[in-house]
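Biologist: Got a minute to go through this model with me? I'd like to talk about how its parts sit together.
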Amino acid sequence: MFPSFSLRYARLPERMRAASQPTPVEEARLVAFNRELAEELGFELAAFEADEASEIFAGNRLPEGAEPVAMAYAGHQFGNFVPQLGDGRALLLGEVIDRHDRIRDIQLKGSGRTPFSRGGDGRSPLGPVLREYLVSEAMHALGIPTTRALAAVTTGERVFRRIPEPGAVLTRVASSHVRVGTFQYFAARGDTEAVRLLADEAIARHYPHLADRTDGGERYLALLDAVAERQAELVAGWMGVGFIHGVMNTDNTAISGETIDYGPCAFMDTFDPRTVYSSIDEQGRYAYVNQPVIIQWNLARFAETLVPLIDSDGERAVERATPIIRDFSERFEVRWREVMRVKLGLVTEEEGDGELAQALLDAMRDGRADFHLTFRYLADGVEASAEAPRLRENFASQDELEAWLPRWRERLARESVATDDIVARLNAANPAVIPRNHRVAEAIAAAEEGDFGPFEALLAVITDPYTTPDGDVDYMRPPRDEEKVLRTFCGT
Ligand code: AMP
Ligand code: MG
């Protein structure tokens, strides 16, 4: 059933990883399996057997050719450097070459203790597994780079967090699991050779067009630049869907530019740029509005690890890398304006587009509007004669919206595109359904009682996000006061 493994990371020097085996679980039961992704990865689905799959995705049995390793990494957690983190509850089974010839990692998360577990149990509760499954698949459907969810298995065991919870294992697929923190692990140990190996692996896997640059310094500088570009694109994408990652530590920032490590993450309901969900983020470091600045900070940490590769003269290396970090905010702004233009139904580019987008966001904040419904229902307001009740009702106070709408229509009038076309563009750019936090919580609560129906129903609508759900617009609805989830807890 499994495609064959190509084993790249397991062949890197031993100090970069730790060979480790999954700890078997009591009673493996496959509760979710992503057939479409499996197909893409080259699984033979004709030979698919649920019992065998449960055993494999629980870590009770290894697929042929797998050589599981826990990857070493460090990281800045909430700004503080921790020299050793590593996969404490995850194991990379190996890499496969998918049907599009791309290298993909297959990793079990929640598969038991590893040499990097420190005090942890290596396990994962069902809640965080389902949250990651739902949110990562939604992210993919929204066209934003992300790790994917291939399977979820319950273990028949309890894990103890604040209270005992049912245990589960997630199978995650990534274009690689190398993080800024992976580079930091070796840089902090003065192991320039390992940093170089990692950088070369990152170039080979994610930025192959850089591989033929013969000048080493140029090549690694270009790597920094390419990662900065992907991260600008990624975070702009998050901002455009009202997503808050929640724990943007450097160990949760992937070199590939994919969203990784879904913990206490959420899509925002009522728009407030200062929104924070994570229960452990007391200072609001990772609030929605801070995400672009934080990613710039993380990129600066990445740049530091590359210094010895960029130039043997440290000062010159810093001089060469600095503009990439310094100019990141401009680069981000360009990406952000692109995202917002599409959300506003604009095809061409004009000077004031950024301000136009910002003015809508300000109106949303002041009017306590729901992020998603505002954008989804913009299509109702294209025509000046439109009453657009769904759009207007979404704002508690509408003055700013009323001032904004004519500005936007004026701008739309300068696009040589028919109204129908603009409406179609708006609906293709602004999702009807995202996994709202209260819906995710509800699906998890039911699953914890053994009912996976709500999880499956939610998964079905959020993986088709631009379509208004048939008969069940309830999925689009923001939470009522009593349904609001104000805090989400860490995925540990
Ligand atoms: P996270 O905050 O989930 O990104 O994880 C931070 C670090 O804690 C990583 O090194 C994880 O592998 C480790 N970790 C998280 N949960 C556990 C657990 N239950 N057992 C062992 N290590 C864990
Ligand atoms: Mg992490």
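Biologist: How much area do domain 1 and domain 2 bury between them?
Modeller: About 3200 Å², with 60% of it on carbon and sulfur atoms. Buried area here is the accessible area (1.4 Å probe) that two parts lose on being put together, summed over both.
Biologist: Which three residues supply the most of what domain 1 buries against domain 2?
Modeller: Arg 15, His 76 and Phe 78, which supply 21% of that area. This is a predicted model, where local features need pLDDT of at least 70 and side-chain atom pairs count only at pLDDT 80 or more, while totals for chains, interfaces and linings use all residues. Residues are numbered from 1 along each chain as its sequence is written, and side-chain values use heavy atoms, without hydrogens and water.
Biologist: Where are the domain bounds?
Modeller: Domain 1 is 9–177 and domain 2 is 181–336; such bounds come from an automatic or database domain assignment.
Biologist: And how many residues are in contact?
Modeller: 36 of domain 1 with 39 of domain 2, contact being heavy atoms within 4.5 Å.
Biologist: Switching to charges, how many salt bridges are there between domain 1 and domain 2?
Modeller: The count is 4, each a side-chain nitrogen of Lys or Arg within 4 Å of a carboxyl oxygen of Asp or Glu.
Biologist: What does Arg 15 meet in a salt bridge?
Modeller: The side chain of Asp 191, at 2.5 Å, N to O.

Definitions and conventions. Chains are lettered from A and ligands numbered from 1 in the order in which they are written.
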